[in-house]
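Subject: Structure handover and findings

Hello,

I am passing on the structure we discussed, with the sequence alongside. My notes come after it.

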Amino acid sequence: MSQQDQGSPTPTQETKTDQGVAMQDIRSSKNLAAFTEVVESRRSVRRFTDTPIPDEVLQDCLRLAMLAPNSSNLQPWEFYVIETPDKRSKASKICMNQNAARTANKLIAVVARTDTWRDHAKQNIRDFPDGKAPKKVRDYYEKIVPMDFLRGPAGVFSAVKWGMTKAVRQFKGPIKTPCYTYEDIRNWAMYNTALAAENLILALRAHGFDSCAMGGFDEPALKKLLNLSDHHHVVMMIAAGERAERGIYHSQFRFDYDKFVKRV
């Protein structure tokens, strides 16, 4: 009943070769300095210039976004690059006419899907990168993943899962809480998709562009504009482009480190 922990390698995410490359190449002061520069120079930019983001740059940023860690490699995300003039104008209004939305070179809706997990579970078996998927991988995606998500008519499976989970905790020990309700699945899809959104934001900065992650939008209106279903949930809008001279409103600051970091 338990899915693999968020952020841990799934059967399709990491190979021995990948691990070797990570050990050999990543631990360098040059890489750390570059990453630090990207993170520390990232700002929420509210005004952009007219400089376009080249298509190949945006494509690479979206590719990097989809390399984000995600639960069981089920990838519950979609990215809607709003380009047609009419939709772009309407989307800006739906984003409350924020300066970031109005002046952005690219306006991207980051969307979580709650209805793709079944097909993506099958695809993980079909597209397994190291030959035929072993039995352990097939069993995981064919049995454990459905058990985590399925709720059944009137939530009958959820009631059974609740009883099983309680029994396992009592007699065997810790177990991941499965999805009992649609809201559980929605939250799962949204936090996984948010990880991809952060990758996109950092990738844009690494390419020399900036962004603004926006939560101020009318989601029902945006879903209507993009023809999205009840299984689509807009996590955020991302405005992207080149930083204008007055694109940042004030100096960056954060609360004290010790306020948030607890050693237990």
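Below are the findings, from the whole chain down to single residues.

Please keep in mind that this is a predicted model.

Overall layout

The protein chain has 264 residues, of which 39% are buried. Its secondary structure amounts to 11 helices and 4 strands. The C-alpha trace spans about 60 × 50 × 45 Å along its principal axes.

Nonpolar cores

The largest nonpolar core contains 39 residues. Leu74, Phe79, Tyr141, Val145, Phe149, Leu200 and Ile238 have the most contacts inside this core. Two or more residues each come from helix H3 (55-65), strand S1 (77-82), strand S2 (106-113), H6, H7, helix H9 (182-206) and S4. H9 contributes the most, with 10 residues. There is also a second, separate core of 22 residues, and among its members are Ala101, Ala104, Ala109 and Leu226.

One residue of helix H9 that I looked at individually is Ala196. Ala196 has a relative accessibility of 0% and therefore counts as buried, the cut-off being under 20%. Between Ala196 and Ile82 there are 18 Å in space, C-alpha to C-alpha, and the two are 114 residues apart in sequence.

Strands S3 and S4

Strand S3 (residues 210-214) is largely enclosed by the rest of the structure, because 4 of its 5 residues are buried. S3 runs antiparallel to strand S4 (residues 232-241), and 5 bridges join the two. Asp210 has Gly241 of S4 opposite. As background, side chains in a regular strand alternate between the two faces of the sheet.

Aromatic pairs

Searching the whole structure gives 5 aromatic pairs. One of them is Trp117 with Phe149, a stacked pair with 4.8 Å from centre to centre and 15° between the planes. Trp117 belongs to helix H6 (residues 117-126) and Phe149 to helix H7 (residues 135-149), so this pair ties together parts that lie 32 residues apart in sequence. Both partners are buried: Trp117 has a relative accessible area of 7%, and Phe149 has one of 1%. Phe149 is also among the residues with the most contacts inside the largest core. Ring pairs further link Trp117 and Phe149 with Trp188 into a cluster.

Another pair is made by Phe253 and Phe255, whose ring centres are 6.5 Å apart. Their planes stand at 65°, so this pair is edge-to-face, the cut-off being over 60 degrees. Here the partners are exposed: the relative accessibility of Phe253 is 54%, and the relative accessible area of Phe255 is 54%.

Surface patch

Phe253 and Phe255 also belong to a nonpolar patch on the surface, together with Tyr257, Phe260 and Val261. The five have about 590 Å² of accessible area together. Phe260 sits in helix H11 (residues 257-260) and, at 52% relative accessibility, counts as exposed because the cut-off is over 50%. For context, nonpolar side chains in soluble globular proteins tend to be buried together. The patch residues, by contrast, lie on the surface.

Summary

The two aromatic pairs described above sit in opposite settings. Trp117 is buried and so is Phe149, whereas Phe253 is exposed and Phe255 is exposed as well. The first pair connects H6 with H7, while the residues of the second are part of the nonpolar surface patch.

Regards

How values were computed
Residues numbered from 1 in each chain as written. Predicted model: local features only at pLDDT ≥ 70, side-chain atom pairs only at ≥ 80, totals over all residues. Heavy atoms only, no water. Phe/Tyr/Trp six-rings, centres within 6.5 Å; stacked < 30°, edge-to-face > 60°. Buried < 20%, exposed > 50% of the residue type's maximum accessible area, 1.4 Å probe, protein only. Patch = residues over 30% accessible without salt bridge, like charges linked within 9 Å, V, L, I, M, F, W, Y side chains within 5 Å. Areas by Shrake-Rupley, 256 points an atom, 1.4 Å probe, with all protein chains shown as cover. Salt bridge = Lys/Arg side-chain N within 4 Å of Asp/Glu carboxyl O. Pairing = 2+ DSSP bridges. Core = buried A, V, L, I, M, F, W, Y, C linked by side-chain atoms within 4.5 Å.
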